[in-house]
Amino acid sequence: MTGGAGFIGANFVLDWLASSDEPIVNLDLLTYAGNLETLSSLRDDARHVFVQGDICDRALVDRLLAEHRPRAIVHFAAESHVDRSIHGPGDFVRTNIDGTFTLLEAARGYRATLDAAGQADFRFLHISTDEVYGSLSPSDPAFTETKAYEPNSPYSASKAASDHLVRAWHHTYGLPVLTTNCSNNYGPWQFPEKLIPLMIVNALAGKPLPIYGDGQNVRDWLYVSDHCSAIREVLARGTPGETYNIGGWNEKTNIEIVHALCALLDEMHPRTEGSYSQLITYVTDRPGHDRRYAIDARKIERELGWRPAETFDTGIRKTVQWYLDHPQWIADVHSGAYRAWVATNYSTRGQGA
Ligand code: NAD
Ligand code: DAU
């Protein structure tokens, strides 16, 4: 797998090895978003082989494939934060497009060295996002797998490009690919640049809770271990060449999310100054901010029988509890690089309406 030191990838490794002894080779560059602390419980576990390296490094990827001879590549590695893609799109083009291209070419070469059964069984599972479909109005139907691609940010455009490469490597070269397009994830070990962990971490520090624009943008939230179980199903039983949308039917506005977090924190970790909701601050909107995402998950439910295990209420409570229980992890991710990012993103934003 690639990107297994990031938020979803690390949750995937931990969930996988909790229920299987099949080993994982984990290739991750350890950018600001990669954190080996998350995998510290696997330090002496021979089933997890960690390799620090770049998915754009063809020689390294070729060597790892020849050495470990995997039955599948599960590709999580990406630059993943929309705001960062607005400030610096170059890394997104490099990792998300060039990196995926490098992996596809390496996979194609490696698969050709397998016997007929190995070639038939091999899978390249590409983890993508619902953002490739663009933005919905309130009355639009949720995204199905046949929705036209209309990416609006440098991040979603780079992911869309990578999805197209994956599709083409199937049609042109017969590579047995699978693509998943998932909605917004939340849960343990998410880097506090994304909405939910940022709000929890800021609230606990007594800092403002910055809502972009009017707070009415809608996202469709899925607990991370439900995303991981969907990926395992697609890897095991998905049809090569197919794409699968993954979501939990949990559409919420951003302001609803932040009020829900404040209410949970008021209950689980009350502060003497009054409700955490007093920290809510409206700030200038994200440029090109997509208004609404919503996933129609009927295909994966129908064809693979997948269902999320968590509701939003159970998942968000577990998430808040996890951040309350891991103050040291929060302190550790507040590295110099993280502080520099907070300064770049928020110091130039004026007050919103
Ligand atoms: P993340 O930013 O937390 O982690 C990304 C990981 O990729 C990090 O460990 C980083 O070190 C690694 N990485 C970055 N560039 C690399 C490179 N050139 N070579 C090797 N490793 C590199 O991301 P995430 O939130 O865990 O997302 C994982 C995947 O899931 C991404 O492809 C993302 O597009 C997709 N996705 C994310 C969400 C979400 O809500 N977070 C939803 C749908 C899909
Ligand atoms: O939809 C899937 C995508 O979800 C993934 O592909 C991306 O990797 C992931 O980052 C996420 O993208 P979003 O842009 O939706 O997530 P983010 O957490 O950055 O923002 C969620 C919403 O909250 C969005 O409407 C912007 C808003 N927001 C975000 C931040 C960081 C705020 O209002 N204030 C903030 O400070």
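## Helix 7

Helix 7 is mostly covered. In this predicted model, eight of its ten residues are buried. The buried residues are I196, P197, L198, M199, I200, V201, N202 and A203. Past the helix comes G206. Its phi is positive, near 70°.

Helix 7 spans 195–204 and gives two or more residues to the largest nonpolar core. Helix 7 also supplies at least two residues of the shell around ligand 2.

## The largest nonpolar core

How many residues make up the largest nonpolar core? The count is 34. I196, L209 and L261 have the most contacts inside it. I196 is also one of the buried residues of helix 7.

Several elements give two or more residues to this core. The helices are helix 7, helix 9 (254–268), helix 11 (312–325) and helix 12 (327–333). The strands are strand 7 (209–212), strand 8 (218–223) and strand 11 (280–283). Helix 9 makes the largest contribution, with seven residues.

## The ligand 2 site

Ligand 2 has 25 residues around it. T129, D130, Y155, R286 and H289 come nearest. Helix 7 and strand 7 each supply at least two residues of this shell. By type, the shell divides into eleven nonpolar, eight polar and six charged residues.

Polar contacts to ligand 2 come from both side chains and backbone. A polar side-chain atom of N184 sits 2.7 Å from an oxygen atom of ligand 2. For R219, a polar side-chain atom lies 2.8 Å from a ligand 2 oxygen. Y212 uses its backbone: an N or O atom there is 2.8 Å from an oxygen atom of ligand 2. Taken alone, ligand 2 exposes 690 Å². The protein buries 95% of that.

## The ligand 1 site

Around ligand 1 there are 29 residues. The closest are I8, D28, S80, Y155 and K159. Y155 is also among the residues that come nearest to ligand 2. The shell of ligand 1 holds 13 nonpolar, twelve polar and four charged residues.

Which part of S80 approaches an oxygen atom of ligand 1? It is the side chain, with an N or O atom 2.7 Å away. F76 offers a polar backbone atom at 2.9 Å from a ligand 1 oxygen. I127 also uses a polar backbone atom, at 3.5 Å from an oxygen of ligand 1. Taken alone, ligand 1 exposes 840 Å², and the protein buries 96% of that.

Four elements each supply at least two residues of the ligand 1 shell. They are helix 1 (7–19), strand 4 (123–129), helix 6 (154–173) and strand 6 (184–186). The largest share, three residues, comes from strand 4.

## L29 and its loop

L29 lies in the loop between strand 1 (24–28) and strand 2 (48–52). Is L29 buried or partly exposed? Its relative accessible area is 37%. Buried means under 20% and exposed means over 50%, so L29 counts as partly exposed.

L29 and H170 are 141 residues apart in sequence. Their C-alpha atoms are 27 Å apart in space.

## The annotated domain

What does the UniProt record say about residues 2–319? An unreviewed entry gives them the annotation "domain: NAD(P)-binding". In the model, the end C-alpha atoms of this span lie 24 Å apart. The span is 42% helix and 16% strand.

Note on methods:
Residues numbered from 1 in each chain as written. Chains lettered and ligands numbered in written order. Predicted model: local features only at pLDDT ≥ 70, side-chain atom pairs only at ≥ 80, totals over all residues. Heavy atoms only, no water. UniProt positions renumbered as here; feature names shortened; annotations may be inferred. Near = heavy atom within 4 Å. Polar contact = N/O pair within 3.5 Å; in protein donor to acceptor, adjacent residues only side chain to side chain. Areas by Shrake-Rupley, 256 points an atom, 1.4 Å probe, with all protein chains shown as cover. Nonpolar A, V, L, I, M, F, W, Y, C, P; charged D, E, K, R; others polar. Core = buried A, V, L, I, M, F, W, Y, C linked by side-chain atoms within 4.5 Å. Buried < 20%, exposed > 50% of the residue type's maximum accessible area, 1.4 Å probe, protein only.
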